[in-house]
Amino acid sequence: NLSRSGATTGPQMVRDSSGNYHVLWRDALDGFVYTTGRDDSWSPPISPELPFTTRRYFPDLDSRQATPSFLPTLAADGAGNIHAFWIDDSGTDAVLYQSSVPAGAFSDLDAWSERQSLDNAARKLAWTADDAGSLHVAYIRPAETARRPSGIYYRRLDPGAGWSNPVLLYASRYLRGVEADQANVQILADGNDVFVVWDDTLREQIYFARSADGGNSWQTPQEIDRRSREDAESAAGPNHITIGSDGDTLLLTWRGGHELAQACSQYVTASTDRGETWSLRETLDDLPGCLKTVQFITNDQGLFLLGSTTQEDANRQEVIHNTYLLAWDGGRWSDPQIQDPLSLFSNPDTFQPVQLACLSGLGETTAVQFL
């Protein structure tokens, strides 16, 4: 129990290049709270002033006005730095900002770099770091102008250099209206390759794009799936595409409703040629429906798929939440195994059950992070 407050939401965690973990969450009374450590050794939680929750950038604020606060996305590079990305939507725009700090000085506002605007309109951001220490970012731009259409954009930060110019990977006016809780874009760096996948939610289509030279140039995006004429009106359209890799094989998973027997199925496909071709899509039939949260996990033992489901039990008049883990053996997925401690465990202080799936926002966000 890192927070010990009973009033926390939105936790996130990154691991720096030294192996230390940095955890940030929101407290209902104290605002953002931070701790760092590993194993059983953690610093006392503090509420520091940080670039995404400071009055420094708002000199005209009245003393009676609250300090603007924006939920960041934290990223760690291979050079010992932590980056924060946040969207300032306090004005008429939704400006995407970035700032970085040496990992050991996270709680010192003066150690953070001056915030930098990456785009004057953004809705969803994903990041990944490669072995060379570069940071790769993909995001959705919902604003449409003559020179900057709405769509999926990419930028890269190399060690000792500034940000690359924005690259438009995919343009779609439909992305102007996508809501934050429906927006989905994912990015993965693997050797010299960078891969991006995303949903065009309103068109019910999902896409994949590849760069074979570290993000310098990009191939034409591939459509992975879309709603078909034969799908039932009530069936889920393809959405929430997620990408992973075991080093030899690329894996995709997403939700959709092509099967007549059920409204939503969890699909998977694989590629052994870096995304040039894909295997026929298959369903993870042993899962009870679609995964509401999903992520790929890679460690020394291989590649795993972790996801949570939500089911209504009419007899017990309650909603059942379960978290499943599946292992990839290089050719197929294992049967899903329920991970009870990630769904329900006992609070060691009160001995009362804690059900993580009851936390606000679990349905569409990553509630458990593995690093």
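**Figure 1. Phenylalanine 351 in the loop between strand 25 and strand 26.** In this predicted model, phenylalanine 351 is found in the loop that runs between strand 25 (344–346) and strand 26 (353–355). Its phi is positive, at about 65°, although the residue is not a glycine. Most residues other than glycine have a negative phi. Phenylalanine 351 counts as exposed, because its relative accessibility is 65% and the exposed class begins over 50%.

**Figure 2. Arginine 274 in the loop between strand 19 and strand 20.** The loop shown joins strand 19 (265–271) and strand 20 (282–283), and arginine 274 is found in it. The phi of arginine 274 is near 65°, a positive value in a residue other than glycine. With a relative accessibility of 19%, arginine 274 falls under the 20% limit and therefore counts as buried.

**Figure 3. Salt bridge between aspartate 200 and arginine 203.** The closest N and O atoms of aspartate 200 and arginine 203 are 3.8 Å apart. Aspartate 200 is buried, at 0% relative accessibility, whereas arginine 203 is partly exposed, at 34%. Elsewhere, salt bridges that share partners join Asp190, Asp193, Arg210, Arg274 and Glu276 into one network. The structure holds 16 salt bridges.

**Figure 4. Salt bridge between arginine 141 and aspartate 119.** The side chains of arginine 141 and aspartate 119 meet at 2.6 Å, N to O. This pair links distant parts of the chain: arginine 141 belongs to strand 10 (residues 135–141) and aspartate 119 to strand 8 (residues 116–119), with the two partners 22 residues apart. Both arginine 141 and aspartate 119 are buried.

**Figure 5. Salt bridge between arginine 64 and aspartate 62.** In this pair, the closest N and O atoms lie 3.0 Å apart. Arginine 64 is exposed, with a relative accessible area of 76%. Aspartate 62 has a relative accessible area of 31% and is partly exposed.

**Figure 6. Aromatic pair of phenylalanine 106 and tryptophan 112.** The count of aromatic pairs comes to 19. In the pair shown, the ring centres of phenylalanine 106 and tryptophan 112 are 5.2 Å apart and the ring planes stand at 75°, so the arrangement is edge-to-face. Both phenylalanine 106 and tryptophan 112 are buried. Ring pairs link these two residues with Phe32, Tyr34, Phe52, Trp86 and Tyr97 into a cluster.

**Figure 7. Arginine side chains over tyrosine rings.** Arginine 115 lies over the face of tyrosine 57, at 4.0 Å from the ring centre. Arginine 281 lies over the face of tyrosine 267, at 5.4 Å from the ring centre.

**Figure 8. Surroundings of threonine 253 in strand 18.** Threonine 253 is found in strand 18 (residues 250–256) and counts as buried, at 0% relative accessibility. Its side chain makes a polar contact with the side chain of glutamine 266 at 2.8 Å. The side chain of threonine 253 also reaches the backbone oxygen of tyrosine 267, at 2.8 Å. Leaving aside neighbours within four places in sequence, threonine 253 is in contact with His240, Ile241, Thr242, Gln266, Tyr267, Val268, Val294, Phe296 and Leu305.

Note on methods:
Residues numbered from 1 in each chain as written. Predicted model: local features only at pLDDT ≥ 70, side-chain atom pairs only at ≥ 80, totals over all residues. Heavy atoms only, no water. Phe/Tyr/Trp six-rings, centres within 6.5 Å; stacked < 30°, edge-to-face > 60°. Buried < 20%, exposed > 50% of the residue type's maximum accessible area, 1.4 Å probe, protein only. Lys NZ or Arg CZ within 6 Å of the ring centre and 35° of its normal. Salt bridge = Lys/Arg side-chain N within 4 Å of Asp/Glu carboxyl O. Helix = DSSP H or I, 4+ residues; strand = E, 2+ residues; numbered from the N terminus. Polar contact = N/O pair within 3.5 Å; in protein donor to acceptor, adjacent residues only side chain to side chain. Contact = heavy atoms within 4.5 Å.
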